[in-house]
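Reader: Please take one part of this model and describe it closely, together with whatever lies around it. I should like the cut-offs behind each term to be stated as you go.

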Amino acid sequence: MSVSELSASTQNYLKAVWTLAEWSDAPVTPTLIAERTELRLSSVSDAVRKLTAQGLLEHSPYGAVELTEAGRAYAVAMVRRHRLIESFLVSVLGYSWEQVHDEAEHLEHAVSDFMVDRIDEYLGHPDRDPHGDPIPKADGTVSLPDAIQLSEVPAGSTVLVERIADDDPALLQFFKDRGIAPGSRLAVEDGAPFSDSVNVRTDPAAPEIALGRSATRALYVSREDADEGRPTA
């Protein structure tokens, strides 16, 4: 069965569970799903029970919410749709990268599998979306870059920006205005004492850019000599 045959609500729940676990080892809970989907916890709890009964999720009381094999296949299909649509909007229609997330959230429920495959072919089978997130292949495989949050990087490091979390359009605009994007190289320096911040430079001659905790957590980076990526199931 195609993911198109699922309701938009089911598509959203499965995608939320997958994306919550994509860059974090923390257990996915109904509370986290409610925060991600901006729905009431009671509504999410009811949906988790229904999707568990349908064989798409696994969840025991007070335990983590996990995708079944079938649920993962549908979730990855939705992620693939979303990220290919974002790439198309930027590459072909001239959207800026801070505009595409919400637009793709609407369009991903309307496109067909055929259109998604045609977009993929037209764009030359891209492996990353405009924010650096990996685009799943048609067979469901995903290759994550070997990246960590900038907040975990010690001062004195030189890093490559691999991915920027796309939850906050204003933060994306902040990075764009300062020339920070996937592919940017950053020199990391200590921030002001007790400020819980770091300073970065995009170029030795460029001024320092102070980044607070919300910014450093949104930037996923790798050392320049790190492996290009690691395959995931």
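Author: Helix H1 is mostly covered, with eleven of its 15 residues buried. Here "buried" denotes a relative accessible area under 20%, "exposed" one over 50%, and "partly exposed" anything in between, for a 1.4 Å probe and protein chains only. Helices (H or I, at least four residues) and strands (E, at least two) are DSSP runs, numbered from the N terminus. The model is a predicted one, in which local features need pLDDT of at least 70 and side-chain atom pairs count only at pLDDT 80 or more, while totals for chains, interfaces and linings use all residues. Residues are numbered from 1 along each chain as its sequence is written, and side-chain values use heavy atoms, with hydrogens and water left out.

H1 reaches 21 Å from its first C-alpha to its last, close to the 21 Å expected at 1.5 Å a residue; the expected span is 1.5 Å times one less than the number of residues in the helix. Its buried residues include Leu-14, Val-17, Trp-18 and Leu-20, but also Thr-10, Gln-11, Lys-15 and Glu-22. Glu-22 belongs to H1, which comprises residues 8-22. Because its relative accessible area is 10%, Glu-22 counts as buried. Beyond the neighbours within four places in sequence, Glu-22 is in contact (heavy atoms within 4.5 Å) with Arg-83, Pro-134 and Leu-144.

H1 also takes part in the largest nonpolar core, which has 25 residues. Such a core is a set of buried Ala, Val, Leu, Ile, Met, Phe, Trp, Tyr and Cys residues joined through side-chain atoms within 4.5 Å. The residues with the most contacts inside this core are Leu-14, Val-17, Trp-18, Ile-33, Leu-57, Val-65 and Leu-67. Two or more residues are given to the core by each of H1, helix H2 (30-37), helix H3 (41-53) and helix H4 (69-91). H1 provides the largest share, six residues.

Two of these core residues show what H1 meets. Leu-57 lies in strand E1 and is buried because its relative accessibility is 3%. Leaving aside neighbours within four places in sequence, Leu-57 is in contact with Leu-14 and Val-17, with Val-48, Leu-51 and Thr-52, and with Val-65, Glu-66, Leu-67 and Thr-68. Its C-alpha is 11 Å from that of Thr-10, at a sequence separation of 47 residues. Val-65, not counting residues up to four places away in sequence, touches Val-17, Ile-33, Val-48 and Leu-57, among others.

H3 is a further element at this site. Its 13 residues should span 18 Å at 1.5 Å a residue, and its end C-alpha atoms are 18 Å apart, so the two values agree. Val-44, Ala-47, Val-48 and Leu-51 are buried in H3. These four are on the same side of H3 because they cover an arc of only 105° around the axis, the arc being that of the directions from the helix axis to the C-beta atoms. An α-helix has 3.6 residues a turn, so residues three or four places apart point the same way. On the other side of H3, Arg-49, Lys-50 and Ala-53 are exposed. H1, H2 and strand E1 (57-58) are among the elements that cover the buried residues of H3. Ala-47 is buried because its relative accessible area is 10%; its C-alpha is separated by 8.2 Å from that of Thr-10, 37 residues away along the chain. After H3 comes Gly-55, which has a positive phi, near 85°.

For context beyond this region, an open sheet of six strands follows the order E4-E9-E5-E6-E7-E8, with antiparallel pairing; two strands pair if DSSP finds at least two bridges between them. Its edge strands are E4 (148-149) and E8 (209-211), each pairing on one side only. E4 is joined by two bridges to strand E9 (residues 219-223), and the two run antiparallel. In these bridges Ile-148 is partnered by Val-221, and Gln-149 stands opposite Tyr-220. Five bridges join E9 to E5, again antiparallel, with Ile-164 opposite Leu-219. Like H1, E9 is mostly covered, with four of its five residues buried.
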